Amino acid sequence: ILKINGEKLLQVQDDGHFLKYPDSLMRDYFASLGDSAHPDSPDPRARAITNFQELLLVSFREFSVVTDETILSERKRYRSEIIHSIESFSKRAAIRNLRTYERFTKEQVGYVYDALYKAMCLVPPPPVAAPPPALLTTSEGTEEKPETRVGLRTFRQFLSEIATWARDEKIVMNGFQRRIDREVADHEFIDRMFFFWDVSCLGALSFQDLVSGLNGVMFNDLMDNIEWFFNLHDKNKDGFLTKDEVLTLSESLLFIFRFEVGDAYLGAVSRFMSNAFEYGDALLPQPEAKEGEDEVPSSPPPMESNQPYLNLATFRMVVLADEILESFFETDLSASFKLVPLPEMELPISSSGLLGDIWSSIATDSNKKMFNMFTDEIGKTIGRHQVIHRPSIGRYTTLEEPKARESLLTPSMRKSASKASLKSASTAATSPSTTDTLVSTPASTTSASTAPSSLTVNVPPPQLQSKTSDVPESGSLSAMPMMKAARDAAMMERTPFAIDNAQYEDESDDGFFDDDEEDDQVLDEVDAFLEAHDSGLSEADKKVASDLLKAEPVK
C-alpha cells in the first residue's frame with residue numbers, strides 16, 4: 001500500500017492528512033479499491049483490472065519474502081514503539097482540539113491528559129451513545145466522532161491521581177516488606193466538585209471541562225480560593241450559605257484534614273464553626289419591642305436551617321480570623337493539586353516456553369494481593385505490622401494543641417448585649433442562686449450557637465452580695481464569659497482538648513491593674529508630704545558638711 005501511494009505520501013505534510021481526516025490518503029485509497037486501476041486505458045482488459053487486484057500483484061511480486069513468521073517477529077519487536085506512537089498521536093490530537101489551555105502550559109495540559117486516560121483505563125467510562133440520525137444534515141455522509149466524557153466513578157479515579165486529599169495513601173510495614181497502598185477516597189466533597197465543573201449539565205465531564213475546572217483552583221490567591229470554596233458549597237448560587245451548608249462546608253474541611261498530624265486542623269475547624277455561628281447570629285435582624293411593652297426581646301426569633309444565613313464577606317472574615325485556615329486557603333489548597341508526569345505503564349512481555357507460561361500465571365494482581373495479605377497476617381502475629389496514613393497537607397509534623405478561640409464580636413456588640421441582659425435580670429424576680437456567672441438561655445434547635453443577646457445574669461442573694469460588690473458596670477464586663485457561653489452552646493460536639501482546661505489570663509489581670517492604681521496613689525501622697533516638709537539645711541548643718549568635705553582622710 002505504501003509503495004503504490006509513494007508519490008502521494010511525499011505530498012502529505014501532517015499525520016492527520018494521512019489517517020484521520022475525511023479526505024485523508026488512506027481513506028481515499030481504501031474507498032477506491034473496487035475502482036479501475038487504469039480507467040483511461042484503451043485496452044478493455046486493462047480497464048477491468050481493479051486497484052485491489054493491482055495491490056495483490058504488487059504484494060506477491062515485490063514482497064514475496066515476507067511471511068507470517070516475519071510479520072509476527074516484527075510485531076513483537078516494535079510493539080511498544082508502535083503503541084507509544086499511536087498514544088502520542090491521540091494525545092496531540094486531543095490537546096490540539098481544545099478550545100483553550102486556560103493558564104496551563106502545553107506540557108501541563110499533557111499531564112492532565114495522562115491522568116485522565118490512566119483513570120479511563122482503570123475505571124472505563126460508559127460507552128458513548130451515538131446521536132439519533134437527523135432527517136436533515138449538512139455533512140456529506142460523514143459525522144464527527146462524539147466527544148469522550150467521563151462519569152462520576154472515573155472522575156474520582158482521575159482526581160485521586162492529581163489531588164493529594166482525594167486518595168487514601170497508607171504506608172504498610174509488616175517486617176517483610178514496606179509498601180504504599182493507595183485507595184480512591186469517596187466523599188460528598190468530590191461529588192460536589194464533579195457537578196460544579198459540569199457547566200453543561202450533561203452528567204459527564206469532557207477533557208475541556210477538566211482543564212477549565214482545574215484552572216479555577218490551581219492558580220488562585222487567598223481571596224480567590226475563599227470565594228471558590230464558598231461558591232462550591234452555595235447550592236442555589238444566591239450568594240448566601242444556609243446553616244446546613246455551613247455544616248456541609250465544615251465537613252468538607254474535616255475530610256481534607258482527616259489524616260493530618262495532631263489536633264491543630266481539628267481545632268481550626270471547631271473555631272471556624274463557633275465563630276461562624278456566633279457572628280452569623282449577631283448579624284441577624286434583632287426584634288423590636290411591641291406596643292405596650294417596655295422590654296426588647298433578648299434573642300431573635302428562630303430561623304429555618306435552609307434560609308440564607310452567611311454571605312461571602314462574613315465567611316471571608318471568619319476564615320481570616322484563623323491563621324491555620326488562612327494558610328490553607330492561601331497556599332495549601334492550590335498546592336494540593338499536583339500535575340506531575342506519570343510513569344509509563346509497561347506492556348506485558350509475551351514470553352514463550354514453559355517457564356514463561358508458569359511465571360505469567362503466577363505474577364498476577366490477585367496473587368500479589370494474596371501475598372500482601374499473607375505477609376500482613378504474619379506481621380500482626382509477630383507484632384511488626386504497622387499502618388501509617390500519609391497526610392494530604394503535611395504542614396504540621398508534630399503534635400500541637402489547638403489554640404483558644406477568640407470572639408469576633410466587636411466591643412460595641414458585646415457591650416450592648418451585656419446592658420440588655422443586666423437590665424432584664426435586675427427587673428425580674430430571680431430564684432436563689434449560689435453562683436454569679438453568666439449563663440445562656442436554651443438555644444434553638446436550629447442554631448449552632450447562642451446569640452450574644454441571649455446572655456443573662458443571675459442576681460446573687462443578699463448573703464452573697466458582699467462577695468460581688470466589686471462587679472463593674474455592664475459596659476465594662478469582660479467578654480470571656482460570653483465566649484464560654486457561646487462555646488458551650490455549640491450544636492456539634494467535638495473531642496475535648498487540653499486547651500479547654502486552661503484558664504484565661506484576662507480574669508486574673510483585672511485585680512493586677514487595680515493594685516497598680518492604689519500603689520500610684522500612695523506614692524503621690526508620699527511625694528506631696530516630702531515637698532511640704534522640706535525646709536532645707538540650717539547654718540550649723542552646712543558648716544559641718546563643709547568641714548567634712550575639707551577633712552583629710554583617716555589613715
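Two strands pair if DSSP finds at least two bridges between them. Helices (H or I, at least four residues) and strands (E, at least two) are DSSP runs, numbered from the N terminus. The model is predicted: local features need pLDDT of at least 70, side-chain atom pairs count only at pLDDT 80 or more, and totals for chains, interfaces and linings use all residues. Residues are numbered from 1 along each chain as its sequence is written, and side-chain values use heavy atoms, with hydrogens and water left out.

**Exercise 1.** Determine the strand order of the open sheet of 3 strands and explain which strands stand at its edges.

*Solution.* The order is β3-β2-β7, and the pairing is antiparallel. β3 (178–184) and β7 (386–389) each have a single partner strand, so one side of each lacks a neighbour in the sheet. On average, neighbouring strands are turned by 25 degrees against each other, direction ignored (axes are lines fitted to C-alpha atoms, for helices over the stretch in contact; angles run from 0 to 180 degrees between N-to-C directions).

**Exercise 2.** Describe how β2 pairs with β3.

*Solution.* β2 covers residues 167–173 and joins β3 in the antiparallel sense over 7 bridges. Within this pairing, I171 stands opposite I180 in β3.

**Exercise 3.** Place helix α8 relative to β2 and β3, and state how many of its residues are buried.

*Solution.* α8 (residues 152–162) lies across both strands, running at about 135 degrees to β3. Of its 11 residues, 9 are buried (under 20% relative accessible area, 1.4 Å probe, protein chains only). Among them are F155, F158, L159 and I162. For the chain of 555 residues, 32% count as buried.

Note on methods
Contact = heavy atoms within 4.5 Å. Buried < 20%, exposed > 50% of the residue type's maximum accessible area, 1.4 Å probe, protein only.
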